[in-house]
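User: Hello! Could you walk me through this protein model, one question at a time?

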Amino acid sequence: MTPEALGVSIPILSIQPLVENAVKHGIAPVVGQGLVRIEAHIEDGSLHVSVSDSGPGFGEEQGTGVGLENVTRRLELSYGSAARLEVRPGGSGAEVRFSIPAAPRLVEVLR
């Protein structure tokens with residue numbers, strides 16, 4: 001995580017559901033060790049956040065669960081079309097990324 005990224009506020013519960021999914025669906029089913037990685041950096045005026053795991057991944061047919069829907073809604077309510085969320089399935093691990101404007105701001109979501 002870059003120091004600049006630490007100064008950007010994000011909507012409440014934007015990362016926790018992604019980490020929970022990475023643990024529950026990514027590394028929990030695997031025997032042995034697993035890895036969940038959280039990264040954040042600023043590029044081109046946007047904060048880019050990534051949560052990835054070292055699990056078995058999933059296919060293209062994987063649906064969007066409640067956690068991903070909630071994160072998507074929080075980001076859209078806070079940033080409108082300036083927010084992006086992308087799920088990257090793969091044969092080795094999975095990654096969910098989102099980007100939002102990097103301007104420092106306080107956001108209240110779903111009070």
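Below are a few questions and answers on the core and the backbone.

Analyst: A short note to begin: this is a predicted model, where local features need pLDDT of at least 70, side-chain atom pairs count only at pLDDT 80 or more, and totals for chains, interfaces and linings use all residues. Residues are numbered from 1 along each chain as its sequence is written, and side-chain values use heavy atoms, leaving out hydrogens and water.

User: Which element supplies the largest share of the largest nonpolar core?

Analyst: A nonpolar core is a set of buried Ala, Val, Leu, Ile, Met, Phe, Trp, Tyr and Cys residues joined through side-chain atoms within 4.5 Å; buried means under 20% relative accessible area, exposed over 50%, and partly exposed in between (1.4 Å probe, protein chains only). Here the largest one has 17 residues, and L18, L47, L75, F98 and I100 touch the most other members. At least two residues each come from helix 1 (16-27), strand 2 (46-53), helix 2 (66-79) and strand 4 (94-101), with helices (H or I, at least four residues) and strands (E, at least two) being DSSP runs numbered from the N terminus. The largest share, four residues, is from helix 2.

User: Is D44, with its positive phi, buried or exposed?

Analyst: D44 is not a glycine, yet its phi is about 50 degrees. This residue sits in the loop between strand 1 (36-43) and strand 2. Its relative accessible area is 76%, so D44 counts as exposed.

User: What relative accessibility does L13 have?

Analyst: L13 lies in the segment before helix 1 and has a positive phi near 60 degrees. L13 counts as partly exposed because its relative accessibility is 42%.
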